[in-house]
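Student: I'd like to go through this one by asking where each label comes from. Can you back up the terms as we go?

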2 protein chains.
Amino acid sequence: MALDRDHVLRSAAALLTRKSTATMDEVARAAGISRATLHRHFAGRDALVRALEALGIAECEAALNRARLDEGPAADAVRRLVREIQPAAGLLAFLYGENQLWEGEGQNTGWLGLDTRISALFQRGQRDGELRIDLTPGWLTEAFYGLITSCAWATVDGRVAPRDFPTMVAELLLGGALRRAES
Amino acid sequence: MALDRDHVLRSAAALLTRKSTATMDEVARAAGISRATLHRHFAGRDALVRALEALGIAECEAALNRARLDEGPAADAVRRLVREIQPAAGLLAFLYGENQLWEGEGQNTGWLGLDTRISALFQRGQRDGELRIDLTPGWLTEAFYGLITSCAWATVDGRVAPRDFPTMVAELLLGGALRRAES
DNA sequence: CCGTGTTGAGACACTCATGTCTCAGGCGAG
DNA sequence: CTCGCCTGAGACATGAGTGTCTCAACACGG
């Protein structure tokens, strides 16, 4: 039962990443169950999205924990973070585009904590003189989400290989497109 | 009449940037006209979105032309491009998230030309030794769109000031978050 | 003053996703 | 075997958004 629920959430996330307007019926079929059973798990579409949001937040937090953001150079922490967050990238991309979640005051406070932790990582990098200070931590956090989303979609469409995901996101975010003078 | 149509498109773009699921009625009210008149301009929601797509492509092409991508260093060309494309950023953000446009074979070929031109700019930068070669032009193009989208949303939400838009996008895309060794 | 043309408001039917319900079939536990 | 539970399939009502239509009000030029 609990396993079923998780399985449904996973396949729903995979489907909604590709087609964010998928029907409840499509979601059910993607999970290999009927619409009736889907409704027995989740009261409605809203409840499903909320559950996906909670799952996304939980996976993000787990990834943040595994990445040990406060250890070693900030750049390496960012690389670890991107690598750990990749499995949740598709789900994140879906949620990032679901602006329904951000308007209104009912937004999940979990995002705030996530933003704070990621932002703190960039702040630490700036304090240590490792990261430039003319790009605000808030914008870096935003750009982080944006690049994750872009690369997740590019991966789904086959324009980026899954194995290149961590490099593409982390190296662009950290080093940019310009060639370094040396090294 | 032609002016009206353009005005409707502009306000529709502004509204849909904030709320991509806005009703035809909301779009009409945002433009200060009735739903009936809106339908006299655009046969339906699909036609409206297609018109917005065409507008977005046209504005992008105009921005590309103004930016003179093949002149001077590639990095400067990217900076010019971001600056010129800023007015269309909101519209681009909406279209970028409208995955309905990308699935199916009816997708507008204008995007292909755009992608090609932007990708060519990155390729030129790589050929000149100005840009790193471990990030593919395709991914840089994708990341370009992604950062435009993220910054457009951040601007709408007030997390980024409009005047900082060009710097934030271009400098992150080009230089990344890492502090340069020197200069 | 009078036709012409456009607009806004509203009514209407239609489609589609949703939410709820019922019922028959299957499957495992006792 | 039989009972209880879960599931899938389908019917049904509902609501929202849409597309079409009519009609009265209005502005404008002749």
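Student: How many salt bridges does the rule find across the interface of chain A and chain B?

Tutor: Keep in mind that this is a predicted model. Across that interface the rule finds 4 salt bridges.

Student: What makes the contact between Arg159(B) and Glu142(A) a salt bridge?

Tutor: Set the value against the cut-off. The rule wants a side-chain nitrogen of Lys or Arg within 4 Å of a carboxyl oxygen of Asp or Glu. For Arg159(B) and Glu142(A) the N to O distance is 2.7 Å, so the pair fits the rule.

Student: And how many residue pairs are in polar contact across the interface of chain A and chain B?

Tutor: There the count is 22 residue pairs, with both residues at pLDDT 80 or more.

Student: Which elements give two or more residues to the side of chain A that touches chain B?

Tutor: In chain A those are helix H6 (89–97), helix H8 (137–156) and helix H9 (165–175). H8(A) has the largest share, with 10 residues.

Student: What is the make-up of that side by class?

Tutor: The side of chain A that touches chain B has 19 nonpolar, 9 polar and 11 charged residues.

Student: How much area do chain A and chain B bury between them, and what share of it is on carbon and sulfur atoms?

Tutor: About 3700 Å² is buried, 60% of it on carbon and sulfur atoms. On the chain A side, Arg132(A), Trp139(A) and Leu178(A) supply 19% of the area buried against chain B, more than any other three residues.

Student: Why can one say that the copies meet through the same surface?

Tutor: Compare the two lists of interface residues. 100% of those in chain A are interface residues in chain B as well, so the copies meet through the same surface. The contact takes 39 residues from chain A and 39 residues from chain B.

Student: What turn and shift lay chain A on chain B?

Tutor: A turn of 180 degrees with a shift of 0.0 Å along the axis does it, and the RMSD is 0.0 Å. That is why the relation is that of a two-fold axis. In chain A, the C-alpha nearest that axis belongs to Gly176(A), at 1.8 Å.

Student: Let's turn to the DNA. Which residues are closest to DNA strand D?

Tutor: Out of 14 residues surrounding DNA strand D, the closest are Thr37(A), Thr23(B), Met24(B), Arg35(B) and His39(B).

Student: What makes the pairing of Met24(B) with DNA strand D a polar contact?

Tutor: The cut-off for a pair of N or O atoms is 3.5 Å. A polar backbone atom of Met24(B) is 2.9 Å from a phosphate oxygen of DNA strand D, so the pair is within the limit. Arg45(B) also passes, because an N or O atom in its side chain is 3.1 Å from a phosphate oxygen of DNA strand D.

Student: Which residue has a polar side-chain atom 3.1 Å from a base oxygen of DNA strand D?

Tutor: That is Arg35(B). As for elements, helix H3 (35–41) of chain A and helix H3 (35–41) of chain B each give two or more residues to the surface near DNA strand D. H3(A) has the largest share there, 4 residues.

Student: Which residues come nearest to DNA strand C?

Tutor: Of the 13 residues around DNA strand C, they are Thr23(A), Met24(A), Arg35(A), Arg45(A) and Thr37(B).

Student: How do you know that Met24(A) is in polar contact with DNA strand C?

Tutor: A backbone N or O atom of Met24(A) lies 2.7 Å from a phosphate oxygen of DNA strand C. The limit is 3.5 Å, so the pair counts. Polar side-chain atoms of Arg45(A) and of Ser34(B) each lie 3.1 Å from a phosphate oxygen of DNA strand C.

Student: Which element gives the most to the surface near DNA strand C?

Tutor: H3(B) does, with 4 residues. By class, that surface divides into 3 nonpolar, 6 polar and 4 charged residues.

Terms used
Residues numbered from 1 in each chain as written. Chains lettered and ligands numbered in written order. Predicted model: local features only at pLDDT ≥ 70, side-chain atom pairs only at ≥ 80, totals over all residues. Heavy atoms only, no water. Least-squares fit on C-alpha atoms with pLDDT ≥ 70 in both. Contact = heavy atoms within 4.5 Å. Buried area = accessible area lost by both parts, 1.4 Å probe. Polar contact = N/O pair within 3.5 Å; in protein donor to acceptor, adjacent residues only side chain to side chain. Nonpolar A, V, L, I, M, F, W, Y, C, P; charged D, E, K, R; others polar. Near = heavy atom within 4 Å.
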